[in-house]
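Trainee: Got a minute? I'd like to go through this one with you.
Mentor: Sure, put it up and ask away.

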Amino acid sequence: RAVFLGEVHGYYTRFWWWDIVLHTSSGFLLGIVGFLLVYVLNETEQIDMHMRPGFVAFFAFLFALGVGTLWEIFEFAMDSLFGTQMQKPMLGDPSGLTDTMIDLIVDAIGALIISVLGYGYLKTKGNESFLERWIQNFINANPRLFKRNWGRKKNNSE
């Protein structure tokens with residue numbers, strides 16, 4: 001969708017913020033992936049690993065930043081080898097360097113947010129979070145949305 005909307009439908013030129021939103025959300029998603037990679041290893045009983053929450057958060061941050069950096073290298077290679085324009089001129093800089101740096105900065109911001117949230121989750125794992133309380137309150141307030149009899153045929157005798 002990002003390429004389709006960005007390149008085909010011209011969102012990169014129509015909306016100045018399009019690239020920023022994409023890179024921030026990729027920082028979020030890659031941070032989550034990095035967090036989950038280490039978290040699953042940490043929680044698997046067959047693997048004898050016990051990593052501290054700070055390390056898990058740091059790994060998630062660096063994982064997201066690393067993949068974001070690889071993407072920027074890919075953009076540079078495509079522009080250099082095939083003459084594409086993946087690195088856009090921005091803020092008076094025709095080279096694309098400003099675009100690359102802003103992309104890496106917002107990748108880092110997205111990854112940092114997820115890393116901090118993941119760290120907080122690990123530190124308070126035994127406690128119920130705000131989100132869990134909110135979800136439970138929503139379920140309690142709307143029980144009809146969570147009935148377990150989906151797809152059952154009504155019996156005439158009922």
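Trainee: Which residues does UniProt list as "transmembrane region"?
Mentor: The unreviewed UniProt entry lists residues 20–42, 54–74 and 101–122. Keep in mind that the model here is predicted.

Trainee: What is the chain doing over residues 54–74, helix or strand?
Mentor: That span is 100% helix and 0% strand. Its end C-alpha atoms lie 30 Å apart.

Trainee: And how far apart are the end C-alpha atoms of residues 101–122?
Mentor: They are 31 Å apart. Residues 101–122 are also 100% helix and 0% strand.

Trainee: Zoom out for me. How many helices and strands are in the protein?
Mentor: Six helices and zero strands. From the N terminus, the order is α-α-α-α-α-α.

Trainee: How much of the protein is buried?
Mentor: Buried residues make up 26% of the 158 residues.

Trainee: What about contacts across the sequence, how many join residues at least 24 apart?
Mentor: Take the contacts between residues at least 6 apart in sequence. Of those, 58% join residues at least 24 apart.

Trainee: Let's talk α5. What span should its 27 residues have?
Mentor: At 1.5 Å a residue, α5 should span 39 Å. The end C-alpha atoms are 38 Å apart, so the two values agree.

Trainee: Which residues of α5 are buried?
Mentor: Quite a list. Among them are D99, T100, D103, V106, D107 and A108. Further along, G110, A111, I114, S115, G118 and L122 are buried too.

Trainee: What covers them?
Mentor: The cover includes α3 and α4.

Trainee: D103 caught my eye. Which side chain of opposite charge is nearest to D103?
Mentor: K88, at 9.2 Å. D103 is buried yet has no salt bridge. A salt bridge here needs a nitrogen of Lys or Arg within 4 Å of a carboxyl oxygen of Asp or Glu.

Trainee: So what is D103 in contact with?
Mentor: Leave aside its neighbours within four places in sequence. Then D103 is in contact with D19, H23, E72 and E75.

Trainee: D19 and H23 sit in α3, right? Which residues of α3 are buried?
Mentor: Both of those are on the list of buried residues in α3. Others on it include W18, T24, G27, F35, V38 and Y39.

Trainee: How far does α3 reach?
Mentor: α3 has 26 residues and reaches 37 Å from first C-alpha to last. That is close to the 38 Å expected at 1.5 Å a residue.

Trainee: New topic: rings. How many aromatic pairs are there?
Mentor: A search of the whole structure finds six. One of them is F35 with Y39, and that pair is stacked. The centres are 5.7 Å apart, with 10° between the planes.

Trainee: Where do F35 and Y39 lie?
Mentor: Both are in helix α3, four residues apart, about one turn of the helix. In general, an α-helix has 3.6 residues a turn, so residues three or four places apart point the same way.

Trainee: Why do F35 and Y39 count as buried?
Mentor: Because buried means under 20% relative accessible area. F35 has 10%, and Y39 has 18%.

Trainee: Which residues do ring pairs link into a cluster?
Mentor: F35, Y39 and Y121.

Trainee: Last one. What is notable about phi of L91?
Mentor: Phi is near 50°, a positive value in a residue other than glycine. Most residues other than glycine have a negative phi. L91 lies in the loop between α4 and α5.

Trainee: Is L91 buried or exposed?
Mentor: Exposed, because its relative accessibility is 75%.

Methods
Residues numbered from 1 in each chain as written. Predicted model: local features only at pLDDT ≥ 70, side-chain atom pairs only at ≥ 80, totals over all residues. Heavy atoms only, no water. UniProt positions renumbered as here; feature names shortened; annotations may be inferred. Helix = DSSP H or I, 4+ residues; strand = E, 2+ residues; numbered from the N terminus. Phe/Tyr/Trp six-rings, centres within 6.5 Å; stacked < 30°, edge-to-face > 60°. Buried < 20%, exposed > 50% of the residue type's maximum accessible area, 1.4 Å probe, protein only. Lys, Arg positive; Asp, Glu negative; His and termini not counted. Contact = heavy atoms within 4.5 Å. Expected span 1.5 Å × (residues − 1).
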